[in-house]
Structure formats: C-alpha cells, structure tokens
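I opened the notebook today to work through this model one place at a time, writing down what I looked up and what I found.

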Amino acid sequence: MSAPRPSWLRTFAARLRGFVRGSRQDEGFDEELQEHLWLLAERFVAQGMSPEEAVTAARRQFGNTTLLQEDRRALQTLPSIEILWRDLRYAVRTLSRSPGFAAAAVLALALGIASNTAIFSVVHATFLAPLPYQDSDQLVFVWSSNRSGRSATTAADFFEWRRRSSAFSELHVTGMRMVNLAGGDRPEQVRAQFATPGLPGMMCLGYPPAMGRLFLEEEGTPGRDQVVILSHNLWQERFGGDPNVLGQAIRIDSKVFIVVGVLGKAPCDHLPWRLWIPRAFSPDQINRDFRNLLVMARLKPGVSIDQANADMKNVTDGLAREFPASNTGWGASVEPLRNNFLNANTKTTLWMMLGAVGFVLLIACANVANLLLARGTARQRELAIRRALGASRRAIVRQLLTESVLLALVGGTLGVGLAAAAMRVILAVMPPFLLPSEVDVRLSVPVLLFTLTACVLSGVLFGLAPAWQAARTDANAILKETGRSVGDGRHLLRRTLVVAEFALALTLLTGGGLTTQSLIAIARTDLGYRSEGVFTFYLPVDERLKEADAIDTFYRQFAERVSAVPSVTSVSYSSGMPAGGAWNAVPFTIAGRGGGDRSQRPSARFNQVSPAYFETLGIRIVRGRAFTEADRIGTVPVAIVNETFVKRQFPDVDPLTQRVVVDQFNPGVTNLGIGIERQIVGVSSDIRNLGPASEGLPEIHVPFPQSTWARNWIAVRTAGDPLSVHQPIAAVVRSIDPDLPMVEVRTMDQLVATTTSGARFTTILFGAFAFVALLLAALGIYGVMAFAVAQRTHEIGLRIALGAGRGRVVQQVLRDGMRTAILGTLIGSVGAYFVARSMRGMVPGVSPGDPTAFIVVVATLIGAALVACLVPASRAASVDPMTALRQE
Amino acid sequence: MDKKTSEVLQGTLDLMILQTLHALGPLHGFGIARRLEQVSRDVLQLNEGTVYTSLLRLQQQGWITAEWGTSENNRKAKFYSITARGRKQLVAETENWERISTVIRRVLRLEPE
C-alpha cells in the first residue's frame, strides 16, 4: 500500500508558513466560520425559526468558535518558536527591570568570554586554521637527522636528495638573513631569502607576480645570480609602487642586483623576508662539511609524509654507504610545514593559556549563577505565583534558562568587542617570532562559532543551578510566607559556588604566580656576563674583504678608532656574543684521545674573539688567563673553553694541561680546513640566558687573529648611557665606508630582554587572567556575604537589640565568610598542585617543590576574601536595631 | 462526546470529507456539513465546526486544496477540492477501513463456545 503518509516535513512546512503569516490567517478563518454560521442561521429561519432562535441554534450546532481558533493555531504554528519568542520577550522585560544585576552579570561574562575568544583566536590561528598557501599540506621541511635529533643539511647531500628522491615534486634550499639595502634616502636593513631559484614559485603557487617574472633555473648558478624579486610590501613601501622598478639596479650588501619581479599581494607576502635572492653554489661550496642548509619541499600529489620519509630513508642509507666518513648515522626527517619551528614550550603555553581562560570563564559562570540565585530569592514569590497559576516546572525552568542564555549572549557580544581590544594588546606584547610568521591571528568565523558555543554553554551552565532551585521550591510554602524568605538550601548552593570559585581562582593564580616567580628568577640570574652599559651591533664585512689579514687589520683598526670615542672604556669584536643569536658550531676532538669516527665527533660553539672580549662583556675567567695581543698568527694556537666544556670533557683532568683539536675555519670558504691542535689556556664562566636552570652549552673560544671571521658582533662598554655612543660610532663606520651596514643596533640590555620576552609574555597573560580570576572570586564572596547580611538584617538587629556587641557581629560575619574562602582554598590546593606539576618544564628557575609562589597566592586570595567580607561585616555592625526590627 | 470517541471520529471525519469531495467535487465547508448530515441521516451528531479543523489538517497534508470563490447566494466562500495525492490517500484509507471493519465485524459475531 503506497498511501502517502502524513509526513512531518509537510506538516512542518505548513506550520512554518502559518507561523510566518501570523494573524492574517486568523481573519480568513474567522470569516469562513462566520459565513458558515450565517448560512446555518438562514437555513433555520427558512425552516420557520425566529432570527434570534436561529442564531442560537446555529451556534449550538456549530460548536465553540474560540476553541476552533485555538485548534487552528495549534495546528498552524510552531509551538517551540512561539514559546521561545514569548520567553525571550519576558526575559528582556525582567532583565531590564533590574539593570544593576544585568550589568554585573554581563560584565563578568564579557570578561570571561573576551579572554576565551582572544586566546582561542591565537590557538586557532596557530594550530587549526589552514596555512595560507595553495595545497599547504604538501609543503614540508626536510631535515637531516641523527640520534641526537634533527639538524640542517650539507650542500652535497641536498643535491643528492634532489637527484635521488622520488617523493617530492621540488626541493629547495632556503635561508634567511639580514641584508643592507643601499640607495634611496637611507640604507635599510631588510630580511632576504637566499633560496634555490624555484622557491618563490613553490611558496606563492597560485599567485602570479604583480610584475615581471620569478627566477629562472639558470639564475641559481654563480655569475647569473645577481637578480632580485621584491615582495609586494617592500615595493609599496620603499619603492612607492614605482611601475618602472623592473630592470632597475639596486645595491644589496654592496653588490648590484637587477629587479626582475615584484610579487602580487599574496599570502606569501606575510613571510618575514622582503627580498628573494637566488642562491648559487660554487663547486667548492658543494661539500659535506657544513650542516647549514634548511630544505623545504613540496610533496608530489598523493604522497604522504610517511611515504616521503620511507623514500628519504632509502636515499640517506645509500649516501651513508657511499660516504661513510661524513654520512654514517645520518638519516632524514620529513616534517609538515605547520609549526615546524614552534617549540614545544610555546605549544604547551598556548594550550595552558586556553585552559587558564577556561577557568576564568568557569569562575565568571559561578559568579553569574550566584547573582541569579540571589535574584531568584527575590523572585521566589513571582515564580510561586506563576506555578500557582498553572505554569509547569518545565515552563519555569525553560523561562529561567532563556534568561541566562540571553545574559550570556549579551555578555558574549560585549566580550567579542573586548576580545578584539585584548587581541591587539596580546599581539603587541607578544615577542616577534613566537608564532610562525604565516599565522594570522584575527577574529574569524570559527573563532566566533567557538565564542557562540561558549556563550550558550555557559548560559546553560550558570542557569542550571537557579532553574533547578526554582523548580524545586514549594509554591505553597512561599506564598504562605509573609516577607522573609526561606532558603537554607539555596544558601548552601551559593556557598558551594563560591567555594568552587575560590578553588578555580587558586589554581589559576598558582599558574600566574609560578610564571611570575620564574620571570623574577630569570631577572635575578647571574647571566655569566654583565649586560649593563654595553652597546652592541653587528658589522659584517664579508662583501668587501676576503683576505684573513685584511679582515683582522680592519677590525683591529676599527676597534682602535671606536676606543677613541668619549666615554667608551673597552671595545671587542667576536663572531658570537651572548644573546647575539646563532653561533658557529664546530666538531672537535681532544688531543691524545682515540680518533674514532670523524662523523660522530661532539661539537661545541665556536667563537673567534678579540683580546678585549671577556673584559668588555664582563665574562669571568675562572682559571688560567684571557687572550692577549700576543696570541697571534705564528704563535702557539690557543683556546679558552667554558665551564660546561670542562665538566663534560675533563671531569678529573686539569683542563689547562689539555689540547683541543678543531678544524680550521676560513672566511669566505665554506669547507673546513685541516685540524689544528690548540692549547687550552683558560676557562671562562658559563653564559646563561634562560635563567639559572638553563644548561650552558660547551664553548670554545679562540683568538681572532688565529682564526679570522668576516661577520662579527661589536661590543662597546661605556661609562655612561650606552646609546649615547651610537652617533659617534655610526660616524666612524660612515667615514670608513658609507655603504657598510651597522646591523641590529641595540644595547646589550635590550638584547637580553628579547631572550626573556617569551617568559615575559607568558607572565603578562597568565598574570592578567589570574587577576581577573581573583577579582571575580572576590566579587563572588562579597556578593554572597552582602546578600547573607542583607537577609539577616532582621536577625542581626534583634541580636544587637538584645545586647550583642557590634564587634561580635563583625566577627561572626567574617568567620562565616572566611570559612567559605578557606574551604575553597583547601580544595584549590589540589588543583594548584597539578598545575604546578604540569608547568614544571615551562618555568625555568622555579624548583618543583618551591612553595613561595603558592604561599604568596594563598595569602593574596585570603586577603581579597577578607576585604570582600569586611564591607558586609561593617554594614552588619552598623545595623540600626530599630530600623531592622521595624522592617517587617 | 468524551475524548476517546472524538479521536476515533477525527480519523473517520477526515476520511468522510475526502470521500465527499471526491464524490461531489469542490464544496465549501457548509456544503460538506450538509452532505454529511444528509448521508448520515442525522445519526452522526457533530459540532459542524470540527469540519474546519479537519479541513485544515487535510490541507496541511496536501490532500485537498482551497480557493476563495462565490457561494450560491453570491457571498465569498472558500471552496475545497481533492488533490491527486488526496485521491491516493482516499483509496488507501478506504481499503484500510474496510479491512479493519471486516475484522471487527467478524470478531463481534463470535459466539461463546
């Protein structure tokens, strides 16, 4: 039987139509009924009745028209929407009648929602949003790897990978560095990408250049590589969008490059570099000595990362067999582009932030639930009357939930506005490069959906308690009551909420306390050098000087001229510097120990330093001596190692009797020379940039003349304000060569500050959230106590009238409030313990068992509770017994 | 009329209206009520208003359609007519009804053994 069943879909559609048309239908229906009645009456008249009789008879035969209209409405509208609409209107009316309550609730929620939205935006942009490249899941990094982890790769290996692998459609070397862009009204330091020619095409796939072309493959050979592509933003800012920029010659690091293309306004314009320059390899650069190349690749369509890893394993196994001296133990690791440089700490920090703001929202919910409960007490009679008039429990619960969800949505809307402001602050205090550069933090649709969900969930969450209360109350009991309210259970519930608030706040404050303590510990750490009063900059000369002698002479004479600047007390130059970014690293052996496998040698940071280096930076020599002018080419090769080096290599030998063998570095040549035995003449103190817990790295220092280097840091110790020497020193640089770039001009203190910026960022955010939590918790306990006192005004008045001292009244209110606070604190200690445990790795400088932060936090919380209770307590004490008793 | 009887009647009323419209073509509510009165020979005493609830339900299911027109005495009236879907439904429901009534008749005739 294929009878068309009554389908719910048709019914729904018909109802929806009816709902939309509304009262217009009423009239049509009414008209129809009236007509029917009329016809009936006419018929009765025709049968001989009087008109009056006919009308009555017609009505009798027809039945109740009002009931029919109701039937019709029930049939033709959507009951749930109708009811929701009614509930909403009612909610708006009730809330606007108590604006103070509504404002407090909305504000608490706005704070909670704002912090959640802001942090979720960051988390979403970092972990969840797709990267802004076409087929971004095909983009990967390919690292060399051995037992100790991943590493950059060598040029010779890179070209073999290209030849032998089959998983990638293209593989490219990438490398970013600062270059000096000369010309125009002033030279400028910009980041440049030195990459094999295909990289711009791979990264900007799908976005054709605005002008000109990308690189040709042959521009990756020496001699053809003097071409440059401008990013869209650089073209706009520095070249004013000049349409004739193509073919222009621009000077970059004193060399001339021809502009061949300008990129379109594409996502790859967000990348941190603003110039693309092809990377050409001369034959001597293609060797297996230097692991300094970063490789990016695009997977062939349909190839997974696992397949690519398997493919690369074949390739590297083959290479290890063919080049055992350099490649034994080296494999490769193919990793997705997303967050490849995001360290584990940042990831944990972000997720913990999300957890922290979740707590803030929970506390806000508890606060609002409390407010609602308090108001519920005042509304008991209203609700009881509604119950008595026939409203079902469900209807009342529904009504109350509607109110709370409405509150949440209003709070949420305000919260999104606050979040937009908060995000601006967060991004301003966020250290650069904490997040990958392509991460675009903003309020997006998924973020807003998240917020909406958070709003509705929190609305239901904080609406449940009061709704449950309201549904439970016995209407009769309340209506019989005269004026004072009942509600011991209600009070218990409110206290429970405050206890929960305190527990949550304590947990959150502990997080904030720990990060603050860590920051203080870092600030107090003996860094191993003295940063105050030191002016620093980077002065590469590799573009103009090639010969070791010339380089040595240049830096020596430059240092002499800078020493002549007033208030300068000492000047040094070195290839590496504390807080000065990446250092060179070299493999080494200890003379007299078995040679072993050359590819498995340990490595250490390698620093070529001028004699004044240790003095200028205030690095202590703990044993032996510093370098002198006498340590030159031709004299005994010497080295100074640091304490960590000694600890690892010479646990029970006098290091000053030992020699260390390091391959010679030659400026301008990228392969290593022969090994040189160096007598250890001194031990320097360790440098700690990341707080007292951070482990030092092994370091080898050698005298600059014995191993010259063309890209060096200059450190200038001054007697006064370090920045005051900037202009005179810049004048010295200009007098030597106006195109000579003075890069990253800072004071040492500024450099040190950037190394702790991550910790500061975490602290500021955690601190802010903890503060909001503290505020909300304090407000919560204040609300409960104030309400309790207000409810007991009568009783308190009576007691005062009967002779109770005001001091006793205060004491009692305080004891009451503090009991709640202390219980919450006790419960919160458990949460705090877990937070402290999970944050152990994130807070350098704080030992796991250190109770300082916890004690401070508990004291703060209890203090806040005390203040919050004092106000209601003093109000209780000032109750005028006569007024209170007359209140009835 | 208590609630249970009226529920049974609702279903049968729908069926009777469908059949009426099928047999007589477009009619207004008053006409349908008259026809039912006539056919049931006054056995069926119903509030004529319930016809309209029935008509609404049938309309919602798409079994009948309505159109404003002019009645015999030149007044505005709504005329209902059965749709193709309604005819199908009528056939199905009639079969159904007959089967059930056969069964019931048989059961009621059972004598105690």
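**Entry 1, around A:P540.** I began with the surroundings of A:P540 in this predicted model, and, setting aside residues up to four places away in sequence, I found that A:P540 touches A:A710, A:R711 and A:P741. I then looked up where A:P540 sits, and it belongs to strand β13 of chain A, which covers residues 534-540. Is A:P540 buried or exposed? I noted that A:P540 counts as buried, because it has 21 C-beta neighbours inside 10 Å, and 20 or more are needed for that label. I also checked A:W709, which is 169 residues away from A:P540 along the chain, and the C-alpha atoms of the two are separated by 9.2 Å.

**Entry 2, cores of chain A.** Next I turned to the nonpolar cores, with a general point in mind: in soluble globular proteins, nonpolar side chains tend to be buried together. The largest nonpolar core has 102 residues, and A:V360, A:I363, A:V368, A:A505, A:A773 and A:I781 are the ones with the most contacts inside it. I followed up A:V368, and, leaving out neighbours within four places in sequence, I listed A:A105, A:A108, A:L109, A:L407 and A:F462 as its contacts. Another core lies apart from that one and has 55 residues, including A:F588, A:F614, A:V702 and A:A710. Here I met A:A710 again, which I had already written down as a residue that A:P540 touches.

**Entry 3, chain A as a whole.** I looked up the overall content of chain A and found 26 helices and 23 strands. Of its 888 residues, 40% count as buried. I also asked how its contacts are spread along the sequence, and among those between residues at least 6 apart, 84% join residues at least 24 apart.

**Entry 4, an unusual backbone angle.** Most residues other than glycine have a negative phi. Against that background I noted A:S567, which is not a glycine and yet has a positive phi of about 75 degrees. A:S567 lies in the loop between α17 (548-563) and β14 (568-574) of chain A. I recorded A:S567 as partly exposed, because 15 other C-beta atoms lie within 10 Å of it. In chain B I found another positive phi, of about 50 degrees, at B:R41, just after α2(B).

**Entry 5, chain B and its sheet.** I then read chain B from the N terminus on, where the elements run α-β-α-α-β-β-α, which comes to 4 helices and 3 strands. Buried residues make up 30% of its 113 residues, and in helix α2 (residues 29-39) of chain B the buried ones are B:G29, B:F30, B:G31, B:I32 and B:A33. In what order do the strands of the open sheet lie? I found the order β1-β3-β2 in chain B, with antiparallel pairing. The strands β1 (27-28) and β2 (64-70) of chain B stand at the edges with a single partner strand each, so one side of each has no neighbour in the sheet. I checked the pairing of β1(B) with β3(B) in detail, and 2 bridges join them, with B:H28 standing opposite B:F79 in β3(B).

**Entry 6, where the chains meet.** How many residues does each chain bring to the contact? I noted 22 residues from chain B and 21 residues from chain A. On the side of chain B that touches chain A, the elements giving two or more residues are α2, α3 (50-60), β3 (76-82) and α4 (84-109) of chain B. I sorted the residues of that side by type, and they divide into 5 nonpolar, 9 polar and 8 charged.

**Entry 7, how confident the predictor is.** Last, I looked up the confidence values, and chain A averages a pLDDT of 81, with 88% of its residues scoring at least 70. Over residues 483-487 of chain A the pLDDT is below 50, and I noted 8 contacts for this stretch beyond near neighbours in sequence. For chain B the mean pLDDT is 81, and 86% of the residues reach 70 or more. Within chain B, confidence is lowest in helix α1 (residues 3-24), at a mean of 74, and highest in α4(B), at 89. Residues 1-7 of chain B stay under 50, and the model has 1 contact for them beyond four places in sequence. For the complex, the predictor gives an ipTM of 0.83 and a pTM of 0.64.

Definitions and conventions:
Residues numbered from 1 in each chain as written. Chains lettered and ligands numbered in written order. Predicted model: local features only at pLDDT ≥ 70, side-chain atom pairs only at ≥ 80, totals over all residues. Buried ≥ 20, exposed ≤ 12 C-beta atoms within 10 Å, placed from the backbone. Contact = placed C-beta atoms within 7 Å. pLDDT = per-residue confidence, 0-100. Nonpolar A, V, L, I, M, F, W, Y, C, P; charged D, E, K, R; others polar. Pairing = 2+ DSSP bridges. Core = buried A, V, L, I, M, F, W, Y, C linked by C-beta atoms within 7 Å.
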